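Dear colleague,

I am passing on the structure we spoke about, and below it you will find my notes on what turned up in it. Please read them alongside the coordinates.

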Amino acid sequence: MSKKTALITGITGQDGSYLAELLLSKDYRVVGTVRRSSTETFERISHIEDKLELVQADLLDQYSLIDAIKKTNPDEVYNLAAQSFVPTSWNQPVLTGEFTALGVTRIMEAIRLVNTNIRFYQASSSEMFGMVRETPQSEMTPFYPRSPYGVAKVYGHYITVNYRESYDLFACSGILFNHESPRRGLEFVTRKVTDAAARIKLGLQKELRMGNLDARRDWGFAGDYVVAMWLMLQQDKPDDYVISTDETHKVEELVEVAFARVGLDWKEYVVQDPKFYRPAEVDLLVGDSTKARTRLGWTPEVDFKGLVEMMVDSDVARWTKYLKNGGDV
Ligand code: NAP
Ligand code: F7E
């Protein structure tokens, strides 16, 4: 049998890099879309770049998406590209809507025009639950998004469901709760905390300025979550699935575990700063991933403490190398 081809939008992001590794390990031909920038953003995929094919496409540019799909002829498309940072969605709500909401329609239109046999995965989010209507949150929980990002993801979710029902596409929406890794962007809370704990331990930073320490999230490991994305596209029928650890922890616990890993008491270093509070907060997220566990046979392998410690250890190693190399990472 010939190799399967997967096309990943957002391959340069956290999830894109883990999914590309997974699919290469399964002997896929892996194609990623990248957008033009004055400096390359390929850091997360530099270790596998020679095994990937990269094509230029942007979620804002319909023709580039059609062209990428026509030229590469994928069996599966994973739409991971988005403006994914919640606070930025208040500063750039229109752009967030263009990327994160309408971008989904553009890529599904490209699939519809080029080849309706392509299987499609949409990266939906627990942010759609927002001010939660029930706890824990499952596929049946109503949405109540609390940010322009959350609103855009609700659109992306429903357009995926609608194209599945309108055009009989194999289209799945994965409703993923927060997932993190040493490759997480530095502005997200987990990485901000683990990077700061490492820097403070090594004398490179004095304090950590934070927002709401009472918010609760269901945090898992990105490497576990990309397995669920792939499993969704291997089923007989397309469907939507919640992917989560089914455990919730306060931001304060995250800070405590991260600082304890480097032998520090977080209370001596963390300063609360109103700058990091949001216009509307999502206070509590905790998933019910029973459907994914029973139907896909998916289970996460890394727990909360293991995840935070993995990230702290990685940041300590990175900054230790920096200091050894005289300031060059
Ligand atoms: P990420 O690290 O922020 O990566 C986002 C990716 O999207 C990057 O490759 C970025 O490319 C690309 N991108 C942004 N705008 C684009 C555009 N206009 N055209 C083409 N590409 C564009 O995000 P992530 O954490 O890997 O998340 C992957 C997806 O899952 C996102 O859709 C996110 O919203 C969703 N999600 C994430 C989580 C989570 O906890 N991580 C949970 C639920 C859902 P550049 O490198 O060029 O910037
Ligand atoms: O914030 C609180 C903040 O930015 C988590 C994205 O991947 O997951 C992510 O969205 C919590 C919030 O992630 C700081 O108020 C406190 O309650 O790491 P975050 P997020 O907003 O949950 C979902 C599932 C996605 O889909 C998104 O793409 O932490 N918090 N102090 C802080 N957050 C940040 N960033 N910085 C702080 O200083």
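A polar side-chain atom of E281 comes to 2.6 Å from an oxygen atom of ligand 2, and the side chain of R278 likewise places an N or O atom 2.6 Å from an oxygen atom of that ligand. The backbone takes part as well, since a polar backbone atom of V189 is found 2.8 Å from an oxygen atom of ligand 2. Taken alone, ligand 2 would expose 700 Å², of which the protein buries 96%. Please keep in mind that all of this refers to a predicted model.

The surroundings of ligand 2 comprise 22 residues, and the closest of them are S84, S125, Y149, R278 and E281. Sorted by class, that shell holds nine nonpolar, six polar and seven charged residues. Where does ligand 2 lie with respect to domain 1 and domain 2? Both domain 1 (5-180 + 221-243) and domain 2 (189-217 + 248-285 + 303-324) give residues to its shell, and therefore ligand 2 lies between them.

That brings me to the domains themselves. The protein is divided into domain 1, made of 5-180 together with 221-243, and domain 2, made of 189-217, 248-285 and 303-324. Their C-alpha centres are 28 Å apart, and the contact takes 15 residues from domain 1 and twelve residues from domain 2.

Ligand 1 has 24 residues around it, with T12, D15, R35, S84 and Y149 as the closest; S84 and Y149 are also listed among the closest residues to ligand 2. An N or O atom in the side chain of S84 is 2.7 Å from an oxygen atom of ligand 1, while the side chain of R35 has an N or O atom at 2.8 Å from an oxygen atom of ligand 1. Q14 contributes through its backbone, with an N or O atom that lies 3.0 Å from an oxygen atom of ligand 1. Ligand 1 on its own exposes 900 Å², and the protein buries 90% of that area.

As for the elements behind this second shell, α1 (14-25), β5 (119-125) and α5 (148-167) each supply at least two residues to the surroundings of ligand 1, and β5 gives the most, with three residues. The classes in the shell around ligand 1 are nine nonpolar, ten polar and five charged residues.

Two individual residues may also be of use to you. R106 is part of helix α4, which covers residues 93-114. Does R106 count as buried or exposed? Its relative accessibility is 15%, and because the cut-off for buried is under 20%, R106 counts as buried. Setting aside residues up to four places away in sequence, R106 touches L59, L60, Q62, L65 and E98.

V316, by contrast, is partly exposed, with a relative accessible area of 24%, and its place is in helix α10, residues 304-324. Which residues is V316 in contact with, leaving aside its neighbours within four places in sequence? They are A198, L202 and V262. In addition, the C-alpha atoms of V316 and A197 are separated by 8.3 Å, although these two residues are 119 residues apart along the chain.

With kind regards

Methods
Residues are numbered from 1 along each chain as its sequence is written. Chains are lettered from A and ligands numbered from 1 in the order in which they are written. This is a predicted model: local features need pLDDT of at least 70, side-chain atom pairs count only at pLDDT 80 or more; totals for chains, interfaces and linings use all residues. Side-chain values use heavy atoms; hydrogens and water are left out. Helices (H or I, at least four residues) and strands (E, at least two) are DSSP runs, numbered from the N terminus. Buried means under 20% relative accessible area, exposed over 50%, partly exposed in between (1.4 Å probe, protein chains only). Contact means heavy atoms within 4.5 Å. A residue is near a molecule or strand if one of its heavy atoms lies within 4 Å of it. A polar contact is a pair of N or O atoms within 3.5 Å; within protein, one must be able to donate a hydrogen and the other to accept it, and residues adjacent in sequence count only if both atoms are side-chain atoms. Accessible areas come from the Shrake-Rupley method with a 1.4 Å probe; for residues, only the protein chains shown count as cover. Ala, Val, Leu, Ile, Met, Phe, Trp, Tyr, Cys and Pro count as nonpolar, Asp, Glu, Lys and Arg as charged, and the others, Gly among them, as polar. Domain bounds come from an automatic or database domain assignment.
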